[in-house]
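Here is a short guided report to read alongside the sequence and the model. Keep both open as you go.

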Amino acid sequence: MSRADMTTSMTPATTACPCCRMVDVLLPSPAYTRCTCCGHRWRMSSGVVGARYYEALVARNDLQTPWFKRKIADRVAALSALLTPQVERVLEVGCAEGALGEAIKARFPLAYDGLELSQDRELARARLDQVFQTYANQVESQPYDLIVSFHVLEHIPDPAEELRAWSRLLATGGKLLIEVPHQAGHPLLDNDRNPEHLHQFTPASLTVLLAHCGLTCHELSLGHYESPVYPDSIRVIAQPRRQPDELRAQLVQRFEKLLGGPFIAYAIGGDFLNYVAPLADALDIRALVDSAASKWGQQVGSHIVSGYDEAVHGALPILVCSIKFGAGIRQQLLAAGIAVDRIIGLETVYEGA
Ligand SMILES: [Zn+2]
């Protein structure tokens, strides 16, 4: 059965909310079911969108209207903020006629592919590098550094399945930018009567759906403009959730890059215990040093805390392990004649990660 067939014939296998999965808090209405937990509203079918409905559509956008130009300008700005030099491949799910991709390709040297079911795909093919005329779960391609999708997810019967299909196409470290109407999509409308729309998202329902699909929401903003009747959209930037061992390995790499090998940990307090000690078995810590004599002789892990001794410690980098008192400690170390390039603050390991 095709996805389009499912739109009209799929019946609810469960009454659980498709986003937060709550099963006993549903308020049915003639048009939509509403989850009282996350506020999501949905319907299994509008009764209008039938088999191969989207494949038959053509000229979905009028490129000359001022609201279309406003929408594209806003989206160009949003994408531009994400297009670091590392982003070489972009996929737009629901690229329509390819106007956004064309504007991006005019500004950035990257590959921009699209996915479009409607006949507008033919216009997109003249503007983009490659256009798929299929569902995302059937796309075979090299992975993408950025996948964007504007006003698509609310059309999809099973948005969780769709998000997993998009995740499968992401490169390691890749990001998703997703925009959907915020509930009705207009602050003065209580309901979205667009027959193509099956889902009305809230910030809560979208973020919890992302979480259920193994994605972490890094940014969420409201009020994005799609058109005069959809001026209120939710936009999120998300990434596949990173596993604890992956996070730990990246953090250890940052220590190694900044310290270059064995080092002395200076200032053995709460920040050391919270932000250095948990990684101690992967770091080459040669000594624990503190200026407070009251700490000398204490055992922390496999080391005994001592005072600084130039004869013993003088050749190694010093990691100042206090975020709060780091600036003052740095001044003390400089005043004691320690070279500035031997002193590294713990904050430099954690900032900008
Ligand atoms: Zn819910």
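The paragraphs below go from the overall layout to the metal site, two helices and a few individual residues.

**Layout.** Please keep in mind that this is a predicted model. The domain assignment of the chain gives two parts, domain 1 covering 3–240 and domain 2 covering 244–350. Their C-alpha centres are 47 Å apart.

**The zinc site.** Which atoms coordinate the zinc ion? They are the SG atoms of Cys17, Cys20, Cys35 and Cys38, at 2.3 to 2.4 Å. Along the chain these donors follow the spacing C-x2-C-x14-C-x2-C. The arrangement is tetrahedral, because the four donor atoms subtend angles of 97 to 117° around the zinc ion. For reference, the ideal angle for four tetrahedral donors is 109.5 degrees. Two of the donor residues can be followed further: Cys35 is buried, with a relative accessible area of 0%, and Cys38 counts as buried at 8%.

**Helix α3.** This helix runs over residues 66–80. Its 15 residues should span 21 Å at 1.5 Å a residue, and the end C-alpha atoms are indeed 21 Å apart, so the two values agree. Which residues of α3 are buried? They are Phe68, Lys71, Ile72, Arg75, Val76, Ala78 and Leu79. These residues cover an arc of only 160° around the axis, which means that they sit on the same side of α3. The general background is helpful here: an α-helix has 3.6 residues a turn, so residues three or four places apart point the same way. The cover over the buried residues of α3 includes the helix α4 (99–105) and the strands β5 (111–115), β7 (144–150), β8 (170–181) and β11 (233–240).

**Asn61, ahead of α3.** Asn61 is found in the loop between α2 (53–56) and α3. Leaving aside neighbours within four places in sequence, Asn61 is in contact with Phe68, Lys71, Ala96 and Glu97. Phe68 and Lys71 are also among the buried residues of α3. Glu97 is 36 residues from Asn61 in sequence, yet their C-alpha atoms are 7.8 Å apart in space.

**Helix α6.** Helix α6 (159–168) is mostly covered, with seven of its 10 residues buried. Those residues are Pro159, Ala160, Glu162, Leu163, Ala165, Trp166 and Ser167.

**Positive phi values.** Two residues that are not glycine deserve a look at their backbone. His151 has a positive phi of about 55°, and this residue lies in the loop between β7 and α6. Ala267 also has a positive phi, near 80°, and lies in the loop between β12 (263–266) and α9 (270–275).

**Thr207.** Thr207 lies in helix α7, residues 203–212. Not counting residues up to four places away in sequence, Thr207 touches Cys217 and Leu220. The C-alpha atoms of Thr207 and Cys95 are separated by 23 Å, with their positions 112 residues apart along the chain.

**Accessibility at a glance.** The table gathers the values for residues discussed above.

| Residue | Relative accessibility | Class |
|---|---|---|
| Asn61 | 25% | partly exposed |
| His151 | 11% | buried |
| Thr207 | 26% | partly exposed |
| Ala267 | 8% | buried |

Why does Asn61 count as partly exposed? Its relative accessibility is 25%, and buried means under 20% while exposed means over 50%.

Conventions
Residues numbered from 1 in each chain as written. Predicted model: local features only at pLDDT ≥ 70, side-chain atom pairs only at ≥ 80, totals over all residues. Heavy atoms only, no water. Helix = DSSP H or I, 4+ residues; strand = E, 2+ residues; numbered from the N terminus. Buried < 20%, exposed > 50% of the residue type's maximum accessible area, 1.4 Å probe, protein only. Contact = heavy atoms within 4.5 Å. Expected span 1.5 Å × (residues − 1). Arc of directions from axis to C-beta. Donors = N, O, S within 2.8 Å, 3.2 Å for Na, K, Ca; no water. Tetrahedral: all angles 85-135°; square planar, octahedral: opposite > 155°, others 65-115°. Domains from an automatic or database assignment.
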